[in-house]
Amino acid sequence: MLKVAVGHSNDPDSEEAVNEVIEQCQKSLAGEMPQAGILFAAVDFDHGLILNRINEVFPEIELIGGTSDGEISSVLEFQQDSLTLMVFSADDIEIRAAVGRNVHENPIAIAQQTIERAKQSFTAPIKFCITTPESVNTNLSSIVQGLKSSLGSIPIFGGATADCREVKRTYQFFKTEVLINSLPVLLFAGNVMFSHGVASGWHPIGKRGVVTKSDGNIVYEIDDKPALAFYEHYFEHFAPDVAYPLAVFPAGEDKFFLRGVPSYDPELGSLKTYGGVPEGSIVQISEASHQDILTASESSFSNAWENYPGEEPAAAIIFSCAWRRWILASQTSQEYKAIAAYLKQPLPSCGFYTFGEIAPLSENGQTFFHNTTFATLVIGSR
């Protein structure tokens with residue numbers, strides 16, 4: 001049976017915060033020792049101190065995580081500049097952590113190598129993967145591509161680490177190490193059940209186009225015309241705005257993922273997107289109201305809950321985009337409140353605001369890297 005505990009502290013002192021979080025987890029565990037965990041923390045903490053303290057109390061814990069742009073839990077709901085930890089304990093579930101280093105040098109190959117190393121320690125079939133990769137200095141679409149090539153049809157969930165809007169340097173956690181440019185993964189195998197939900201609130205508007213020339217995260221042409229013209233057809237003086245991302249319909253999928261457009265080149269007429277957009281993709285401009293965004297948070301969670309294959313999940317892990325938080329501003333806390341209102345009784349939950357989300361578009365579908373999206377993973381055991 002899977003037992004999950006969550007701790008969350010908004011104490012600004014690193015030592016006080018981690019001690020409070022550990023105490024909350026110990027109380028919920030009632031004497032059991034966790035085998036794995038996920039830690040999300042604001043960038044200003046002493047992360048080395050925090051990781052070492054967790055390892056002292058929970059020796060040899062298989063731990064991953066990273067820095068965030070806001071933290072979420074069932075303990076303190078939405079917070080900024082806080083620290084939250086989720087730990088897992090189960091005799092019949094195998095959970096292993098691994099890390100790929102210097103992932104920016106060759107994202108696809110290093111992602112493949114990381115999974116292959118981790119696979120060697122399992123005796124049961126792997127069910128799913130959680131990851132918290134570097135986001136600023138690497139190609140996240142390529143990381144997902146590398147993970148998929150090694151995991152096959154096994155679904156991947158996660159969020160790219162963040163740094164409170166600075167977009168300069170994020171940190172990843174692996175056991176007692178504080179890393180940069182890395183790819184931590186946590187693999188689950190054995191008697192574990194899960195389901196997920198993905199929603200954004202954005203809906204496509206206007207005409208569709210086909211990406212006819214792109215290179216990674218640079219879109220040069222849509223319908224054989226400068227990509228910028230695709231936006232200028234609707235916006236006379238277009239400027240990059242996260243409120244109007246591109247909806248991207250990949251080949252073989254009837255649903256779309258989103259790509260934010262943080263900048264453009266007026267001379268080339270190209271768009272820079274946060275994540276790759278393959279040539280041949282069908283795209284549309286999208287928009288959303290604040291209410292659309294909040295409704296999507298509940299939709300993501302309710303879809304995960306209703307599709308759960310067991311009687312009742314043990315926990316939920318949440319990955320919401322930092323762009324959603326920036327757009328929602330003072331309404332951000334309503335994202336978790338919508339989830340809490342849906343539940344009849346509290347469910348141990350933990351998550352963070354990311355620089356990009358990772359999840360399949362649909363049940364049994366391909367995993368993609370997303371922008372401005374709310375992804376929910378619920379887990380449990382038989």
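**Exercise 1.** Which residues of helix α8 (residues 334-342) are buried? Work on the predicted model and state how the buried residues are arranged around the axis.

*Solution.*
1. Apply the cut-off: a residue counts as buried when its relative accessible area is under 20%.
2. In α8, the residues that pass are Glu335, Tyr336, Ala338 and Ile339.
3. These residues cover an arc of only 155 degrees around the axis, and therefore lie on the same side of α8.

**Exercise 2.** Describe the two sides of helix α1 (residues 14-29) and name the elements that its buried residues pack against.

*Solution.*
1. Begin with the length: α1 has 16 residues and reaches 22 Å from its first C-alpha to its last, close to the 22 Å expected.
2. List the buried residues of α1: Ser14, Ala17, Val18, Val21, Ile22, Cys25 and Leu29.
3. Their arc around the axis is only 125 degrees, which puts them on the same side of α1.
4. A general rule fits here: an α-helix has 3.6 residues a turn, so residues three or four places apart point the same way.
5. Glu23 and Lys27 are exposed on the other side of α1.
6. The partners of the buried residues are β1 (3-9), α2 (47-57) and β6 (83-89).
7. Finish with the ends. At the start of α1, a side-chain oxygen of Asp13 comes to within 3.2 Å of the backbone nitrogen of Glu15. Just after α1, Ala30 has a positive phi of about 50 degrees.

**Exercise 3.** Characterise the packing of α1 on α2.

*Solution.*
1. Take the axes: those of α1 and α2 come within 9 Å and cross at roughly 30 degrees.
2. Assign the hand: the crossing of α1 and α2 is right-handed.
3. Identify the residues in contact. From α1, Ser14, Glu15, Val18, Asn19, Ile22 and Gln26 take part, meeting Leu49, Ile50, Arg53, Ile54 and Val57 of α2.

**Exercise 4.** Is Thr170 buried or exposed, and which side chains make polar contacts with its side chain?

*Solution.*
1. Locate the residue: Thr170 sits in the loop between β9 (156-159) and β10 (172-174).
2. Its relative accessibility is 0%, so Thr170 counts as buried.
3. The side chain of Thr170 makes a polar contact of 2.9 Å with that of Glu134, and a polar contact of 3.0 Å joins the side chains of Thr170 and Gln172.
4. Leaving out residues up to four places away in sequence, Thr170 touches residues including Thr67, Ser135, Val136, Asp163 and Leu179.

**Exercise 5.** Is Pro346 buried or exposed?

*Solution.*
1. Pro346 belongs to the loop between α8 and β23 (349-354).
2. Its relative accessible area is 78%, so Pro346 is exposed.
3. Pro346 and Ala315 are 31 residues apart in sequence, with their C-alpha atoms 9.6 Å apart in space.

Technical notes. Residues are numbered from 1 along each chain as its sequence is written. This is a predicted model: local features need pLDDT of at least 70, side-chain atom pairs count only at pLDDT 80 or more; totals for chains, interfaces and linings use all residues. Side-chain values use heavy atoms; hydrogens and water are left out. Helices (H or I, at least four residues) and strands (E, at least two) are DSSP runs, numbered from the N terminus. The expected span of a helix is 1.5 Å times one less than its number of residues. Buried means under 20% relative accessible area, exposed over 50%, partly exposed in between (1.4 Å probe, protein chains only). The arc is that of the directions from the helix axis to the C-beta atoms. Contact means heavy atoms within 4.5 Å. A polar contact is a pair of N or O atoms within 3.5 Å; within protein, one must be able to donate a hydrogen and the other to accept it, and residues adjacent in sequence count only if both atoms are side-chain atoms. Axes are lines fitted to C-alpha atoms, for helices over the stretch in contact, and angles run from 0 to 180 degrees between N-to-C directions. A crossing is left-handed if the near helix is turned anticlockwise from the far one by less than a right angle, and right-handed if clockwise.
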